[in-house]
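This report looks at the open space in one protein model and at the strands that surround or accompany it. The pocket is taken up before the sheets.

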Amino acid sequence: MAEQDDQLRAMATHRGLKLVKSRRRKAGGDFGHYGLKDAGGAEVFGFGADGLAADAEAIRDFLRGGMRSDWSTSVEKTPGPKRAAKSKPARKPKPAPPPKPRFKPEVANLLRDLPEARDDEVFTDLFKRPGVRIERIVSRGQATPEEAPMVQAWDEWVVLLEGAAGIRIEDSAEVRLGPGDHLLIRADQKHWVTWTARDRPSVWLAVHLDG
């Protein structure tokens, strides 16, 4: 009985109520009955004209029913979790425009708009600085006379860009040159262009190195 009373008392306390139990033993009285009062002492449940009127089971059902009622009410009144508003993706900043160029490179092509060069070779200076000069030579069938070799007082590096040619340096045999072939002619070396293609232009790039 004491265990039952403790259980009912705990349930009542949980509801914010106070369990009241009759201890009067007179015949026809309310011995063994219970009632519930609120924190202010007002009667809530189990009180009749002749005293306490609820047995343990009625008190238990009342408290359980009240607990269910309280729980359902709290569920109805308690708002659910708020959904976070979807944030709009931040707009990517527009890339900065590229800086305007301050100058325009002048592009030329060594193999475009070639002169005919049918009668004589054509020499065109491309670059000059103290100690260096770069020229383009266009040949078409020309050759150096045997009795008049070419010779200069500076080194000359030559590359054949297009066409075909033969060249001989003093004390050496003739060598045949095709596109991409190049060689160095030392200062004061006699040399001869022994032949150049007649059916197409031969384009040379010569770099003269003085000192």
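The largest pocket of this structure, which is a predicted model, has a volume of about 240 Å³. Its lining is made up of 16 residues, and those that lie nearest the centre of the pocket are F123, I137, M150, E156 and H191. Sorted by class, the lining of the largest pocket holds 8 nonpolar residues, together with 5 polar and 3 charged ones.

Which strands each supply at least two residues of this lining? They are β7 (132–139), β8 (155–162), β12 (191–196) and β13 (202–209), and of the elements contributing to the largest pocket it is β7 that gives the most, with 3 residues.

Strands β7, β8 and β13 also belong to an open sheet of 5 strands, whose order is β6-β7-β13-β8-β11 and whose pairing is antiparallel. The edges of this sheet are formed by β6 (122–129) and β11 (182–185), each of which pairs on one side only. Between neighbouring strands of the sheet the turn is 20° on average, when direction is ignored. Within the sheet, β7 and β13 are joined in the antiparallel sense over 8 bridges, and I134 is found opposite V207 of β13. As general background, the strands of a sheet pair through backbone hydrogen bonds, in either a parallel or an antiparallel arrangement.

A further open sheet has 3 strands in the order β1-β2-β3, again with antiparallel pairing. Here the edge strands are β1 (18–21) and β3 (43–45), each pairing on one side only, and the twist from one strand to the next averages 45°. The antiparallel pairing of β1 with β2 (residues 34–37) extends over 4 bridges, and K18 has K37, in β2, as its bridge partner.

The two strand pairs described above are set out here.

| Strand pair | Sense | Bridges | Residues facing each other |
|---|---|---|---|
| β7 and β13 | antiparallel | 8 bridges | I134 and V207 |
| β1 and β2 | antiparallel | 4 bridges | K18 and K37 |

What lies across β1 and β2? Helix α1 (residues 2–14) does so, and the helix runs at about 145° to β1.

Taken together, the description links the largest pocket to the sheet of 5 strands through β7, which gives the most residues to the lining and which stands between β6 and β13 in the strand order, while the sheet of 3 strands has helix α1 lying across β1 and β2.

Methods. Residues are numbered from 1 along each chain as its sequence is written. This is a predicted model: local features need pLDDT of at least 70, side-chain atom pairs count only at pLDDT 80 or more; totals for chains, interfaces and linings use all residues. Side-chain values use heavy atoms; hydrogens and water are left out. On a 1 Å grid over the protein atoms alone, a cavity is a set of points where a 1.4 Å probe fits but cannot get out, and a pocket is an open set with protein on both sides within 12 Å along at least five of seven lines; lining residues have an atom within 4 Å of a point. Grid points are joined across faces, edges and corners, and a volume is the space filled by probe spheres set on the points. Ala, Val, Leu, Ile, Met, Phe, Trp, Tyr, Cys and Pro count as nonpolar, Asp, Glu, Lys and Arg as charged, and the others, Gly among them, as polar. Two strands pair if DSSP finds at least two bridges between them. Axes are lines fitted to C-alpha atoms, for helices over the stretch in contact, and angles run from 0 to 180 degrees between N-to-C directions. Contact means heavy atoms within 4.5 Å.
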